[in-house]
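Below is a colleague's note on this model, set out as numbered points. Please read each point with the coordinates open beside it.

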Amino acid sequence: MTALPDRRRLTVPLTAFAAASLVGYLAVRALANPSMIDMVVYQAEGQAVLHGRDLYGDGVHIPTSGGNVLPATYPPFAALLFAVISWIPVGVLKVLVTAANIVLLGVVVHLAARLVGSWMDRPPRTERWTLVTAIAAAALWFEPVWTTLRYGQINLALCALILFDLTRSPTSRWPRGLGIGLATGIKLTPGIFILWFLLSGRRRETATAVLGAAGTVALGFVLIPHASTKFWLHKVFETDAVGKTYITDNQSLSGMLARVTHIDDPKALWAVAALIVVAVGLWIAARIANRGDTALGALTCAVTGLLVSPISWSHHWVWAVPAAMLLAVRAPKAAVAWCAVFLSFLIWAVPHKVLGPSPALNPLQMLLSSLYPLAGLAFVAWAWRESTRAQPVEGS
């Protein structure tokens, strides 16, 4: 385990670094002038709900600069939440969503520090918040975080909600599992944490999460029954509506397999690989959790979910930030390599083809196109090695 020496002496330079990083980010962002297209889709979903338009049909069809059309793909409960932002002018909404995501990044880092423990959660209050702010300022430059802010995505909000859930004490009024249930109702992928609870023998958390998720489904059927019926009986099975499997943006096992095999959508091959990885990954995550190491168990579960999802866009990998914090405490050398992957933006050095068949990639491009799933597999392998230790590491 590593220690952070002379924390009080680092307060001023860390604060200066955080300010410089934020100013630099905002300057680069202004030059990039991102469209925040996903935020626009969310707003259109909210407007479709309020005005009675077909949520999963012509009611939401947002054209992109690349000639594609983005439909609504999240569960009906998410669209109900998006109704809150339906009336805000897009220009104002861009500012608000960007500011909210930057704040949420700080919340994610704060909650991850509580989850990881060790020196990250033990300094006095002023030093702790200085450290959290500095880590968040550095995390702004992680490609998944950058891309989340670029598109106006909700990944940081979901990550914060799940971490909030996992860091509640047993005596908290907030029932552990509720946040994960709500997150599953917003976007299905957090449901893997429910399986982790189940396999870890956490019956109360499992029941709470299931009831929370079921409540979001029920609310959807009550308020927008037609859209709910259409989503849960049809749209939930149409994974190709989310996007092309083979494009480099898809940093999941399915995307990696599609690029390696030149099969645009290798469903059968992916199903076999995903079944193996989810079984092994969740077994490792549950084994670790049963030894009292919630931090590593939860992050192994999160990485496993990113690997086995049919589509894991690069911005879904915001979980790289909490994972980097964990590695910084327990495996500093691995943390350096991990951060190098997610800070490098190297996946953008590979052709990003959206229309037409999978592009031909040379060996180096093939490697760069799948850096995140390769890093994820390495993380799960490291977690397995940690699970063989006689005792959990300090700070878990």
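1. In this predicted model, helix H6 is followed by Gly152, a residue whose phi is positive, near 70 degrees. The helix that comes before this glycine spans residues 143-151 and is mostly covered, with 8 of its 9 residues buried. The buried set consists of Glu143, Pro144, Val145, Trp146, Thr147, Thr148, Leu149 and Tyr151, so that a charged residue, Glu143, is listed there together with Val145 and Leu149 under the cut-off of 20% relative accessible area.

2. One of the buried residues of H6, Trp146, deserves a separate look for its ring contacts. The count of aromatic pairs in the model comes to 20, and among them is the pair formed by Tyr25 and Trp146, which is edge-to-face, with 5.2 Å centre to centre and 85 degrees between the planes. This pair links distant parts of the chain, since Tyr25 lies in helix H1 (residues 7-32) and Trp146 in helix H6, 121 residues apart. Both partners fall under the 20% limit and therefore count as buried: Tyr25 has a relative accessibility of 1%, and Trp146 has a relative accessible area of 14%.

3. Which residues do ring pairs link into a cluster? The members are Phe142, Trp317, Trp338, Phe342, Tyr372, Phe379 and Trp382. When inspecting this group, please note that Phe142 belongs to the cluster, while helix H6 begins at residue 143.

4. Two arginines should be viewed together with the aromatic rings that they cover. Arg168 lies over the face of Phe164, at 3.9 Å from the ring centre, and Arg202 lies over the face of Trp196, at 5.1 Å from the ring centre.

5. How many disulfides does the model contain? The count comes to 0, and Cys159 is accordingly in no disulfide, the nearest cysteine sulfur being that of Cys301, 12 Å away. The converse holds for Cys301, which is also in no disulfide and for which the nearest cysteine sulfur is that of Cys159, 12 Å away. Because a disulfide requires the two sulfur atoms to lie within 2.5 Å, a separation of 12 Å leaves Cys159 and Cys301 unpaired. Cys159 counts as buried because its relative accessibility is 1%, and Cys301 counts as buried because its relative accessibility is 0%.

Conventions: Residues numbered from 1 in each chain as written. Predicted model: local features only at pLDDT ≥ 70, side-chain atom pairs only at ≥ 80, totals over all residues. Heavy atoms only, no water. Buried < 20%, exposed > 50% of the residue type's maximum accessible area, 1.4 Å probe, protein only. Helix = DSSP H or I, 4+ residues; strand = E, 2+ residues; numbered from the N terminus. Phe/Tyr/Trp six-rings, centres within 6.5 Å; stacked < 30°, edge-to-face > 60°. Lys NZ or Arg CZ within 6 Å of the ring centre and 35° of its normal.
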